[in-house]
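Reader: I've got the model open and a few labels I'd like to poke at. Could you walk me through the reasoning behind them?

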Amino acid sequence: MKKYLKYLLFIALILIPLKVNASYINVYLGCPAGASAGQTIYCTVSTTNSGDIGSVMISYTFGNGATYNTFTPAGSFGLYNPKATGVQIGQPGGTITSNGNLGTLAVTIPASAAPGSMISVGLTNINASTTAYDDITAANVTKTVSIYSANNYLSSLSISGAAINFNKNTHAYTVNIDAASTTISATAEDGRSSVAGVGAKSLREGRNVFYVVVTAQNGGQRTYTITINRPYSQQPQQPQQPTTPAPETP
């Protein structure tokens, strides 16, 4: 008899449906790899979830002087009690998209941030509520952003066959060279910058204009203009003036 009851109990446990909570949420943060000091960057907040999420609450963390600017929700999402420390995002009368963008977090980098340093942006205390009013959590996420240099000056500039009085704040130079070619050499003040427009240059007779462009790590550009005058081997002929006939003697 006892054996029979155990058998019935075993069958009942198999047939009784077990309630399994399959709700889940993951939150992601996408920020630019680098930015300039004083710049405002825009980080995308997105999610994958079980499709039954009614709202999600997120707290912000910022490192090395970065500060909150704004949070702009995506699509028709609503914001509840938005603060500089966090926000609650929801879908009025519905659920949050199971796979998509929640909004954009704007963060201001301090003007004093040193090139080469890093600032951090993080999402913490991520709590979501399902349509069944169950509470679930997601893992914290943090991104780091490198501070790019804005230095696009030259530290040296030279032209073979002529001397110039270089000053990094002087952006135009004019020289005379009586040769078929010259070489322009330049060095960026910041090693993270790139320099274009240097090397061997052919010179035609007359006026030749060359541009040396310095591109900073943050993409900002500065142009130095070099005008090289090469003398003509023969002076160009001046157009002849028409001869005015002498007036006739009456």
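Reader: What makes you say that lysine 201 is buried yet has no salt bridge?

Author: Two definitions do the work. Buried means under 20% relative accessible area, with over 50% called exposed and anything in between partly exposed (1.4 Å probe, protein chains only), and lysine 201 is buried. A salt bridge needs a side-chain nitrogen of Lys or Arg within 4 Å of a carboxyl oxygen of Asp or Glu. For the charges, Lys and Arg are positive and Asp and Glu negative, while His and the chain ends are not counted. The nearest side chain of opposite charge, aspartate 178, is 20 Å away from lysine 201, so the 4 Å criterion is not met.

Reader: How far should I trust that, and how do you count?

Author: This is a predicted model, where local features need pLDDT of at least 70 and side-chain atom pairs count only at pLDDT 80 or more, while totals for chains, interfaces and linings use all residues. Residues are numbered from 1 along each chain as its sequence is written, and side-chain values use heavy atoms, with hydrogens and water left out.

Reader: What does the side chain of lysine 201 have as a polar contact, and how do you know that it qualifies?

Author: The backbone oxygen of glycine 197 is 3.3 Å from a polar atom of that lysine 201 side chain. A polar contact is a pair of N or O atoms within 3.5 Å; within protein, one must be able to donate a hydrogen and the other to accept it, and residues adjacent in sequence count only if both atoms are side-chain atoms. So 3.3 Å passes the distance cut-off.

Reader: Which residues touch lysine 201, neighbours within four places in sequence aside?

Author: Ala180, Ser181, Thr182, Ile184 and Phe210. Contact means heavy atoms within 4.5 Å.

Reader: Where does lysine 201 sit, and what makes that a strand?

Author: Lysine 201 is in S16, residues 199-202. Strands are DSSP runs of E, at least two residues, and helices are runs of H or I, at least four, numbered from the N terminus. The protein has one helix and 18 strands by that scheme.

Reader: Why are S14 and S16 called paired?

Author: Two strands pair if DSSP finds at least two bridges between them. S14 (residues 181-188) and S16 have four, antiparallel, so they qualify. In S16, alanine 200 is the bridge partner of threonine 183.

Reader: What makes the sheet open, and which strands are at its edges?

Author: The order is S12-S14-S16, three strands with antiparallel pairing. S12 (154-159) and S16 each have a single partner strand, so one side of each has no neighbour in the sheet. Neighbouring strands there are turned by 20 degrees against each other on average, direction ignored; the axes are lines fitted to C-alpha atoms, for helices over the stretch in contact, and angles run from 0 to 180 degrees between N-to-C directions.

Reader: Which pairing here is parallel?

Author: Strand S2 (residues 34-36) runs parallel to S11 (residues 141-148), joined by three bridges. Serine 36 has tyrosine 148 as its bridge partner in S11. S9 (residues 118-130) is antiparallel to S11, with six bridges.

Reader: Why is isoleucine 226 called buried?

Author: Because its relative accessible area is 0%, which is under the cut-off. Isoleucine 226 belongs to strand S18 (residues 221-230). Its contacts beyond four places in sequence include Leu157, Ile184 and Phe210.
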